[in-house]
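Good morning, colleagues. I would ask you to bring up the model on your screens, and we shall go through its backbone and its ligand site in turn.

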Amino acid sequence: MSDLVMNQPSLDIRQQVHIPLAYPQDSTREMLRIGVIGYGYWGPNIVRNLQGQKSSRALMVCDKNPNALARVRKAHPGINTVSDPLDVLRSAEIDAVAIVTPVWTHYELAKLALENGKHVFIEKPFTSSSAQAEELLEIAARKNLTIMVDHTFLFTGAVRKIRELVDRGTLGDLYYYDSLRVNLGLFQHDVSVIWDLAPHDLSIMDHIIKDQPEAIVATGEKHLNGVEDVAYMTLYFPRNVIAHINCNWLSPVKIRTTLIGGQKKMVVWNDLVADEKVRVYDRGVQITSGEGIRDLLVSYRSGDMWAPQLEQVEALYVELDYFTDCVMNNKVPFNDGHAGLRVVRMLEAAEKSIRKRGEMVRL
Ligand SMILES: NC(=O)c1ccc[n+]([C@@H]2O[C@H](COP(=O)([O-])OP(=O)(O)OC[C@H]3O[C@@H](n4cnc5c(N)ncnc54)[C@H](O)[C@@H]3O)[C@@H](O)[C@H]2O)c1
C-alpha cells in the first residue's frame with residue numbers, strides 16, 4: 001500500500017476539514033462531475049476520495065481492462081463504467097477528468113480532455129516531456145481550463161508542516177534536502193525509477209525551497225528490464241542549497257526518510273512511522289573566526305528536539321477538495337501545470353545526465 005493512503009482517517013476527521021467553497025455544498029446540480037480514466041493501482045484511491053467529497057463526484061470510470069471495471073462496479077455500484085476514454089472525454093455530463101493511467105498515455109488523454117473543454121486532474125509526472133507539458137499548458141490557457149498535477153505529498157500533514165517551518169524562518173537559511181526513497185518494486189515498465197519516485201521529492205523541493213535548481217547531476221543503473229531501477233540525483237540550487245535523492249526499486253527494505261538542514265534547525269521526516277513523523281532538532285554548527293585564518297572556532301549546538309502536531313487528514317481528500325475549489329472558483333492551483341512542467345524539466349535534465357554517466361546538466 002502506498003505511504004499516502006496508510007492510516008486512512010475516519011470520515012469524521014475528514015468532515016472537520018473545511019475549505020470554503022462559494023457554491024452550495026448539498027446541491028448535486030452544483031457538483032463538479034468528474035470522469036476518472038485508469039483504475040489500476042492508484043485510480044481506486046482517487047475514486048474513493050472523490051466519493052467522500054462535498055462538492056464533486058466521480059460519475060464515470062473508464063479503464064480498458066474489464067477486470068478493473070468489474071472492481072469499480074463492486075466497490076461503487078452507482079458509478080457508470082466505460083472502456084473507451086472518448087466516452088468520458090466527450091460526455092456532456094462530465095466537467096473534469098482525472099487521468100490516472102501510465103505516464104506515456106498522459107499527454108494524449110489530457111490533450112483530448114482539454115480540447116473537449118474538460119478541466120484536468122492528472123497524475124505525476126505530468127507528461128513524458130517538457131514539450132508535451134508546454135503544449136497542454138498553452139491549450140489550457142487558451143480555453144481557460146484548470147490543470148492540476150497530483151503532487152499528493154504537498155497535501156500531507158508532514159509537508160504542510162515542513163513548509164510552514166521554512167516559511168516562518170524556523171529552520172533559518174536552508175542548507176540541504178536529502179531524501180532516501182527506496183523499496184522493493186513496484187516495478188514500472190514504461191518509466192525508470194527516477195520518473196516514478198523522484199517526482200515526489202522534486203515537487204516537495206519545488207514547494208518548499210521555491211528557487212529553481214541551477215544544475216543537476218544524476219547517475220543510475222539498469223539491472224532488470226531496460227530502465228534504471230537504482231538512481232541518485234543531486235540538485236544545485238542558488239545560495240548554496242544542495243539536494244540529493246536516492247531512489248531504488250531494489251532495496252530489501254522500504255525507507256522514506258528525508259533530512260532537511262537549516263542554519264537554525266534541522267528536520268528529520270520519517271514518513272513510515274505513525275507518530276512523530278516530523279522531528280525538529282535544535283542542532284547545528286557555528287563557526288566564529290578569531291584573530292587569524294587558523295583561529296576558526298567551531299561550536300556545536302545541541303538543543304531540544306520536538307515533534308510538531310501534524311494534520312491527520314488523507315492528503316488525496318484535501319487535494320481533490322482543493323481541485324474542486326480551484327475549478328469552481330477559477331483559482332490557479334499551486335500544483336498547476338506549470339509546477340508539473342518544472343518537475344518534468346528536472347526529470348529530463350536528470351535523464352540527460354544519466355545518459356552521460358553523471359555529467360552536470362545546467363537548467
Ligand atoms: N500520486 C501518487 O502518489 C501516485 C502513486 C501511484 C501511481 N501514481 C501515478 O498514477 C498513474 C497510474 O499508475 P498506476 O500505478 O495506477 O498504474 P496501473 O498500471 O496500476 O494502472 C493504470 C490503469 O490504467 C488503465 N489504462 C491504461 N491506458 C488506458 C487508456 N488509454 N484508457 C483507459 N484505461 C487505460 C490500465 O488498464 C490500468 O488499469 C501513473 O502516472 C503513476 O505515476 C501516482
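The loop between α8 and β8 (215-222) contains K210. In this predicted model, K210 has a positive phi of about 70 degrees, although it is not a glycine. For context, most residues other than glycine have a negative phi, and most peptide bonds are trans.

That brings me to the peptide bonds. The bond from K124 to P125 is cis, with omega near -20 degrees. P125 is found in the loop that runs between β5 (119-123) and α6 (130-143). A cis bond also joins G185 to L186, and there omega is near -15 degrees. L186 belongs to the loop between β7 and α8.

Let me turn to the ligand. Which pocket does the ligand take up? The space that the ligand occupies is the largest pocket. This pocket has a volume of about 1,200 Å³. Its lining comprises 49 residues, and those nearest its centre are Y41, W42, T101, P102 and Q188. The elements that give two or more residues to this lining are α3 (66-75), α5 (103-115), β7 (174-184), α8 (193-208) and β11 (250-262). Which element gives the most to the lining? That is α5, with seven residues. By residue class, the lining of the largest pocket divides into 23 nonpolar, 13 polar and 13 charged residues.

We may now consider the shell around the ligand itself. It consists of 22 residues, the closest being Y41, W42, D63, K124 and T152. The shell divides into 10 nonpolar, seven polar and five charged residues.

Three polar contacts deserve a place in your notes, each made to an oxygen atom of the ligand. For Y41, a backbone N or O atom lies 2.9 Å from such an oxygen. For K124, a polar backbone atom is 2.8 Å from a ligand oxygen; K124 is also the residue that precedes P125 at the cis bond I described. For H106, the atom concerned is a polar side-chain atom, and it lies 3.0 Å from an oxygen of the ligand. How much of the ligand's accessible area does the protein cover? On its own the ligand has 840 Å² of accessible area, and the protein covers 83% of it.

To close, I would return to two residues on your screens. Y41 is listed among the residues closest to the ligand and among those nearest the centre of the largest pocket. K124 is likewise among the residues closest to the ligand. Thank you for your attention.

Conventions:
Residues are numbered from 1 along each chain as its sequence is written. This is a predicted model: local features need pLDDT of at least 70, side-chain atom pairs count only at pLDDT 80 or more; totals for chains, interfaces and linings use all residues. Side-chain values use heavy atoms; hydrogens and water are left out. A residue is near a molecule or strand if one of its heavy atoms lies within 4 Å of it. A polar contact is a pair of N or O atoms within 3.5 Å; within protein, one must be able to donate a hydrogen and the other to accept it, and residues adjacent in sequence count only if both atoms are side-chain atoms. Accessible areas come from the Shrake-Rupley method with a 1.4 Å probe; for residues, only the protein chains shown count as cover. On a 1 Å grid over the protein atoms alone, a cavity is a set of points where a 1.4 Å probe fits but cannot get out, and a pocket is an open set with protein on both sides within 12 Å along at least five of seven lines; lining residues have an atom within 4 Å of a point. A molecule sits in a cavity or pocket if more than half of its atoms lie within 2 Å of its grid points. Ala, Val, Leu, Ile, Met, Phe, Trp, Tyr, Cys and Pro count as nonpolar, Asp, Glu, Lys and Arg as charged, and the others, Gly among them, as polar. Grid points are joined across faces, edges and corners, and a volume is the space filled by probe spheres set on the points. Helices (H or I, at least four residues) and strands (E, at least two) are DSSP runs, numbered from the N terminus.
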